[in-house]
Amino acid sequence: MEGNGVRHGPGALTEEQAARMLAGMNDVIRAGEEMRRLRTEMIKLFAGFGWTQDKIARITEMSQPAVSKQMTRFAADDPLPRLGLTLDQRDAAWLEGRLWALAEEVAEALDAARCARFVGALARGRKHFTPESTDELRRLLEADLRLGAAELPAAFRAAYDEISRGLDTDPKTAAAGSGPKSDSAQAPASVRRTVARQLQRDRLRGEA
């Protein structure tokens, strides 16, 4: 009768060993699938900006036929997503993206930053944003900002305080773009998180 940990011959792996060995691979596979879905959503967003397929192909480093194939999958009556690009938006996904960006900057600027491992797990797809994980990241960032206050720019603390106030006030879905459009839809949370992350990093680096 088989049981956990039973070996089936000299040098055979146990089930526990096989599970541990495959766990990392499965994380990478899941992360890859998530990234492919996100890239598709980003292509829809870029199409909503009115960008040409050639431009989208250049930015995404995909071939033009591959981009064209992606875009033909979008239903003709499926509204393209809309997205406002102001940093001050109050929905949870947008604030999570800003928090992620801040954590990345702190992890790069501060030796032995407490949030560094969390940031690495997010990048590898081993962690995802949930109310619990967001609270965990906030606690780590709070400690880093307090202990590294002398080394970190004041803008980091100001950004954290602003993001925290937003997260503490029961974030509502932000009104993206200049106003409601009948032919547009709210961008998915993954897209909003990604865009907010980049805009916040640009702001912290003085590039926006």
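Let me begin with one residue, I43, which, once its neighbours within four places in sequence are set aside, is in contact with I56, T60, M62, Q70, M71 and F74. I43 lies in helix α1, and I should say straight away that this is a predicted model, so that everything I describe here is to be taken as computed from that model. One of those partners, M71, stands 28 residues away from I43 in sequence, yet the two C-alpha atoms are 7.7 Å apart in space. Is I43 itself buried or exposed? With a relative accessibility of 0%, I43 counts as buried, because the cut-off for that word is anything under 20%.

Let me step back to the whole chain. The protein has 208 residues, and buried residues make up 38% of them. There are 8 helices and 2 strands, and if you read along the sequence you meet them in the order α-α-α-β-α-α-α-α-β-α. Among contacts with a separation of 6 or more, 66% come from residues that are 24 or more positions apart. The accessible surface comes to about 12300 Å², and carbon and sulfur atoms account for 52% of that surface.

Now to the interior. In soluble globular proteins, nonpolar side chains tend to be buried together. Here the largest nonpolar core has 23 residues, and the ones with the most contacts inside this core are L99, L102, V106, C115, L137, L141 and F156. Helices α4, α5, α6 and α7 each supply at least two residues of this core, and α4 gives the most, with 6 residues. Taking V106 as an example, and not counting residues up to four places away in sequence, we find that V106 touches A113, C115, L141, D144, L145, L152 and F156. Apart from this core lies another one, of 16 residues, which includes L38, F46, L83 and A196.

Staying with the first of these regions, let me turn to helix α6, which covers residues 131-147. How does the distance between the ends of α6 agree with what its residues should span? At 1.5 Å a residue, the 17 residues should span 24 Å, and the end C-alpha atoms are 25 Å apart, which agrees. The buried residues of α6 are S133, T134, L137, R138, L141, A143, D144 and L145, and these buried residues pack against α4, α5 and α7, the last of which runs over residues 154-168.

Helix α8, residues 189-204, can be described in a similar way. Its 16 residues should span 22 Å at 1.5 Å a residue, and its end C-alpha atoms are 22 Å apart, which again agrees. The buried residues of α8 are V191, R192, R193, V195, A196, Q200, R201, D202 and L204. I would like to pick out R201 from that list, since R201 has a relative accessible area of 11% and is therefore buried. Which residues does R201 contact, leaving aside its neighbours within four places in sequence? They are A101, E104, E105 and E108. After α8 comes G206, and the phi of G206 is positive, near 75°.

That brings me to two other positive phi values, this time in residues other than glycine. The phi of E61 is near 60°, and E61 lies in the loop between α2, residues 53-60, and α3, residues 64-72. The phi of A112 is near 55°, and A112 is found in the loop between α4, residues 92-109, and α5, residues 116-123. Are these two loop residues buried or exposed? E61 has 75% relative accessibility and so counts as exposed, and A112, with a relative accessible area of 75%, is exposed as well.

Finally, let me come to the surface and return to helix α1, residues 15-48, where M25 is found. M25 counts as partly exposed, because its relative accessibility is 44%. Together with L13, M21, L22 and I29, M25 makes a nonpolar surface patch of about 470 Å². Helix α1 therefore holds both M25, which is partly exposed at 44%, and I43, the residue I started from, which is buried at 0%.

Technical notes:
Residues numbered from 1 in each chain as written. Predicted model: local features only at pLDDT ≥ 70, side-chain atom pairs only at ≥ 80, totals over all residues. Heavy atoms only, no water. Patch = residues over 30% accessible without salt bridge, like charges linked within 9 Å, V, L, I, M, F, W, Y side chains within 5 Å. Areas by Shrake-Rupley, 256 points an atom, 1.4 Å probe, with all protein chains shown as cover. Salt bridge = Lys/Arg side-chain N within 4 Å of Asp/Glu carboxyl O. Helix = DSSP H or I, 4+ residues; strand = E, 2+ residues; numbered from the N terminus. Buried < 20%, exposed > 50% of the residue type's maximum accessible area, 1.4 Å probe, protein only. Expected span 1.5 Å × (residues − 1). Contact = heavy atoms within 4.5 Å. Core = buried A, V, L, I, M, F, W, Y, C linked by side-chain atoms within 4.5 Å.
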